[in-house]
Structures are given as C-alpha cells and as structure tokens.
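Dear colleague,

Please find below the structure that I am handing over to you. I should be grateful if you would look through it before reading the notes that come after it.

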Amino acid sequence: MAAKTYQEVMERRNQIMKEAVGIDYDRFRRNELVFDYEKMMAEVGYQLDEIREIQGQTGVGKTPLLELENLTAIARKLAPAGKGARIFIKDEASNPSGSFKARRASVSVYHAKKQGYSGVVAATSGNYGAAVASQAVMRGLDTIIVQEVYDSQGKGQPEILEKGRKCEAYGAEVLQLTVGPELFYTFLKVLEDTGFFNASLYTPFGIAGVETLGFEIISQLRKDEGQDPAVVVCTNAGGGNLTGTARGINKAGAKETAVVGASVDLSGLHMASDRDFNRKSFTTGHTGFGIPFATWPDRADVPLNAARALRYMDRYVTVKQGEVFYITEALAQLEGMERGPAGNTSLAAAVALAQEMDRDEIIVVQETEYTGAGKHPIPQLNFARENGVEIRRGDPEDEVPGENIIIPEEPGQIKARDLDLKRIRLSYLNKALENSGLKELGREEVKFLSAEINLSVEKTRELLEENFEVEIRL
Amino acid sequence: MAEKIPAGSWVQIHDIELAAEERAPQVPEDTGRVPLEKWIKGFLQEAAELDEEVEIETVIGNRYRGRLVDADPSYDHSFGKAVPELLQVGRELKEMLREEGGE
C-alpha cells in the first residue's frame, strides 16, 4: 500500500492525476511557459454538436431565457434618460441538478463512462457535486464528493450542508472535511484508492460542457429578439463558467458581445482560515476564488486548467454580499423566480450595468441556481448573525466582509465596482514569468501571453517591457 | 451501560485526516493549530456504542473506519427566523414601479 503522509501523497499527484483524468497534459506543453490551449480543447474536449447530443441524453441545457421586465423597469427609473438595457436571465436552475453545473458535469461523466471508469470523484463544496452525482446516476456510475464543510468547532456552512444533502439525495458518498487546502490531499487519496475518474471542474470536458450555455443564449436571442446581447454577465469563481460561456458565444459568432465577470466582494477574508470560514456568507462566486484563479488558473486540481477567465473577460466587477441578497429578494418578489443567492451575483451586477447601457441593448445574466433550506438569503443571513456578523440596512458601500452585511436601502445603491484588469493582468504575467523562469521571450511566448491576458501582442509587449526584467525578441 | 447501536444502522463516523503537525505548510496560522477532520456516513458493520471505533460501508460500498459519532444523522440546516432587513424590499420595489416618471 502506498504511503499516505501529506508530502508523500502530494509527490505522487501528477501520476495519480494522469491515471484519473486520462489526459497526458505534457503533449500540449511547448516549453516552461507556453502550452497550446486550443489544441488541448480541440483534442481532448468534444465538439459542440457532440456535446449538445450528450447533454440532450440526460436532460441538460435548453433552459429558458426570460426577460426580467420589472427589474428592467427599476433599472430604467434609476438610469439617465435613454439608458437602461433590457435584462434577460438564463434560468439554469431548470437543469436536472438545479444549476448550470449539470452542463459542466455532463461531458466528464459521459467521458468517464466511455473510458470504462466505474465511478467519478469531484472535490467541490458547490453545486458541482450534485451535478456530478445526478449525471452519474443517469449514466450508471458511482460518485464520491469531497467537500469542505466545517470549521474546527464542527460548525457547518448552511449553504454547503445543503449541497452535501443534495449529493446524498443522488446516492453519492460524501466525505466532509474541516477547512483547509488539504482537501486536495484527501481527494488524491480517494482517486488512488478507488481508481475512479477525476471529474475535475477544470478539465477540457468540464469547460466544453459550458460552451453550450453561451451558444444557446445567442441562438435564443437571435430567434426571439433578432439581436445579439451587448453584454453577458457571468458570476465568476474558478473561471469555468465565464470561460465556457464566452467560448460558446464566440462559437455562435457573436463578435460584439462583451463578457463581464462578476464576483461577490469578500476582500480581507482568507479562504483557508479556520476563523474566517464561517464569517463569509457566500461560499462561491466570490473574489476569494475569482481573483486567485484569474491571476493564476493553474492552481487547480489538474496540471493545465482549461478554465482561463482572463482570456475572455472584457471587464471584471464586484458586488457586495448585501446587494446580492437584496437582488435575490427582488427576483422573487418582482419576477416570481425564487432562486439561490450565489447564482444571482451576476444579476446584482447586471441591474447596475444596465443603467450604463442604451435602452435598445440587451444584457444577459447567464445563470440561476436552485434554492432551498440553507441555501437562501434567510438561512445565510441568520447564520451570519449567529457568527457575529452585523446585518443592517444602509449603504452597501460601507460593507466590510466578515464584519457586516448591508442590505441596500434602495436599488440605486447597487453598484458594479470595476476591478482593475491591468493589475490582474500584471499579476498573471508576474506569476507566469516567475513559474517559467524565462528571461527571454520570443514571438511564441509573447503571443501566448497576449492570448492569456486578452490583450493585443503590442500592448502585451508594452506591459512586459514596462514592468518586468525580460528581453523580448519578436 | 450505554445502549448499542445495531449493526446495519445508518451512522456517521469521524476521523482525524491529518493531525495539526501533519498539515500542509501553507495553511494560515489559525488553521494550522487544528487538525484536518473528516466525517463520513454509512451502514454500521457491527453493533457498537457511540465513541467506539467502528467500520462502516458507504452507500456505494466503500469501507471506512472511524469513531462512531451519530446514528440516523440529521440534516439540521433550515431557514430559521424571518430576516427583518429583507421584509420590506419587495414592497419598496413594487411601490417604486407604481410611481410615475423616471421611465
């Protein structure tokens, strides 16, 4: 039996991963810095038509795209004359497991079955666990979900407890852990012991599965409204939602559509801290995942992450926890749709963004998620209060993550606050250069970096020359 | 003498996955002071009392050992009390929609 200390298991990670994903990632690497992202997506992933077929077999996708007329009217009342885009929402809660994550799981589980694995494992405290479990039931595979649930007092995040329950409802084995990055260690041991497939969120299978979401939005709007959306807003955490959606939008040929990432502002809270764990009221869709993954995607549970949000982001905004709870309440009360808060992060941003846009333009919120006990504004706010977080109405601008949650007094206080993409790009470049150790960059390297940060080769070169000690030979 | 939980019962076990000193070097200081703990549910293989070391078989047939902590474990997460800070939101927005002008 293989040795099981933390260090020993981590040292075997590449071998374990290779067997559990069946992808030889080295094939796509060109050097210490460059890898062929599109080749990886093309060779390992599936084509859009195949994915639509695979998802059709298990009832995934083809979700309704609904116009939010009342929220649009509110945005127009707040907007300058002539402004206030129409807001649409893609009701992803109507997927079999209640979120867009069914798309992300569908291809992985299909692939695992085709490759002869008897089960799938996923490390996730989010909706993805239920999605994997649900898809696995439909394909006749076993599921193990590894979740981070509790602090050291054994106090569980209500949102995660609910997601664990849902996994168990689909017959999954759920390993529940206390806070810490060693979840990955437990995950590796499970993969090694079971020989199951790693249904990682970050493989090309997972990301390709989300492409249908972006593609559907464009097809539905062209059919119903005869136009492309000016903006699609994606709640951003690990980056897969945004990456897959944007790729789907591109594949539909919607060249003018801007893709905006939105995360809940949890700045100041440490994601691996035992103390901070239960002082946050969102367990996903927040900056604690969004920024680290945007600035360095290859921190994931696979050697090369297929979710690379910075490649596709035209803008990245944050909203406050209190604003998302407010808008979740508004969605139920004004539009008749009771949905989970985390998925409404992008909706809060969209209500603000719509006010900057022309009235004949369309902004699409590309997901909703299911709601229920634990995973709902009421339990999440009660939990926050029990943990010493102050809840009050006021100006959300005064919100300090972990100390208070401020429910806006009126909708005009909801803002989409821009993160500085240049800083995020510089942070990415810094990590990329540091990890590669390269001091000289040729055409291939600069071209790769330019795609990674979604800037022209010229501008990328400027950024590199101004900020780093590297020699560039184009 | 405490009552034994019968074999075959649906139970929850607890285990220390990594002691505090075995944890990853990069964990924050507060997290590094406590162990990484793990809970799993499954069917009890032999009758046992709470706190005893037992073996379970999970719903998909895997075997794990650990300390028996609960029988018929509950789902305790709920909705809880009404949250006053949210109660007026719907009314305020509907009132705003009824108001003239702005559109």
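The notes below describe what was found, beginning with the sheet of chain A and ending with the contact between the two chains.

Please bear in mind throughout that this is a predicted model.

The sheet of chain A

In chain A, seven strands make up an open sheet of mixed pairing, and their order is β1-β2-β10-β7-β8-β9-β13. The edges of this sheet are formed by β1 (65-67) and β13 (417-418) of chain A, each of which pairs on one side only. Within the sheet, strand β7 (residues 231-235) of chain A runs parallel to strand β8 (residues 258-264) of chain A, and five bridges join the two. One position to look up here is A:Cys234, whose bridge partner in β8(A) is A:Gly261.

A second position to inspect is A:Phe88, a residue of strand β2 (residues 86-90) of chain A. Is A:Phe88 buried or exposed? A:Phe88 counts as buried because 23 other C-beta atoms lie within 10 Å, and the cut-off for a buried residue is 20 or more. Leaving aside residues up to four places away in sequence, A:Phe88 touches A:Leu65, A:Leu66, A:Glu67, A:Leu68, A:Ile362 and A:Val364. A:Ile217 is 129 residues away from A:Phe88 along the chain, yet 9.7 Å separate their C-alpha atoms.

A helix of chain A

Helix α10 (residues 204-225) of chain A contains 22 residues. From its first C-alpha to its last, α10(A) reaches 32 Å, close to the 32 Å expected at 1.5 Å a residue. This helix is mostly covered, with 16 of the 22 residues of α10(A) buried. After α10(A) comes A:Gly226, which has a positive phi near 70°.

The domains of chain A

The domain assignment divides chain A into domain 1 (55-98 + 205-418) and domain 2 (423-473). Taken over C-alpha atoms, the centres of domain 1 and domain 2 of chain A are 30 Å apart. Nine residues from domain 1 of chain A and nine residues from domain 2 of chain A take part in the contact between them. On the side of domain 1 of chain A that touches domain 2, six residues are nonpolar, one is polar and two are charged.

Chain B

Chain B comprises three helices and four strands, and its elements follow the order β-α-β-β-β-α-α from the N terminus on. The radius of gyration of chain B is 24 Å, whereas a compact globule of 103 residues would have a value near 13 Å. Along the principal axes, the C-alpha atoms of chain B fill a box of roughly 70 × 40 × 30 Å. Of the 103 residues of chain B, 26% count as buried.

The contact between the chains

How many residues does each chain bring to the contact? Chain A provides 48 residues and chain B provides 36 residues. On the side of chain A that touches chain B, at least two residues each come from α5 (69-78), α8 (158-169), β5 (173-178), α13 (321-335), α15 (377-386) and β11 (390-394) of chain A. Of these, α13(A) gives the most, with six residues. The residues on this side of chain A comprise 22 nonpolar, 14 polar and twelve charged.

Strand pairing also links the chains: β5(A) and strand β2 (residues 36-44) of chain B are antiparallel and share two bridges. In this pairing, A:Leu177 stands opposite B:Lys38 of β2(B).

With kind regards

Key: Residues are numbered from 1 along each chain as its sequence is written. Chains are lettered from A and ligands numbered from 1 in the order in which they are written. This is a predicted model: local features need pLDDT of at least 70, side-chain atom pairs count only at pLDDT 80 or more; totals for chains, interfaces and linings use all residues. Two residues are in contact if their C-beta atoms, placed from the backbone, lie within 7 Å. Ala, Val, Leu, Ile, Met, Phe, Trp, Tyr, Cys and Pro count as nonpolar, Asp, Glu, Lys and Arg as charged, and the others, Gly among them, as polar. Two strands pair if DSSP finds at least two bridges between them. The expected span of a helix is 1.5 Å times one less than its number of residues. A residue is buried if 20 or more other C-beta atoms lie within 10 Å of its own, exposed if 12 or fewer, and partly exposed in between; C-beta atoms are placed from the backbone. Domain bounds come from an automatic or database domain assignment. The radius of gyration is taken over C-alpha atoms; the globule rule is 2.2 Å times the number of residues to the power 0.38.
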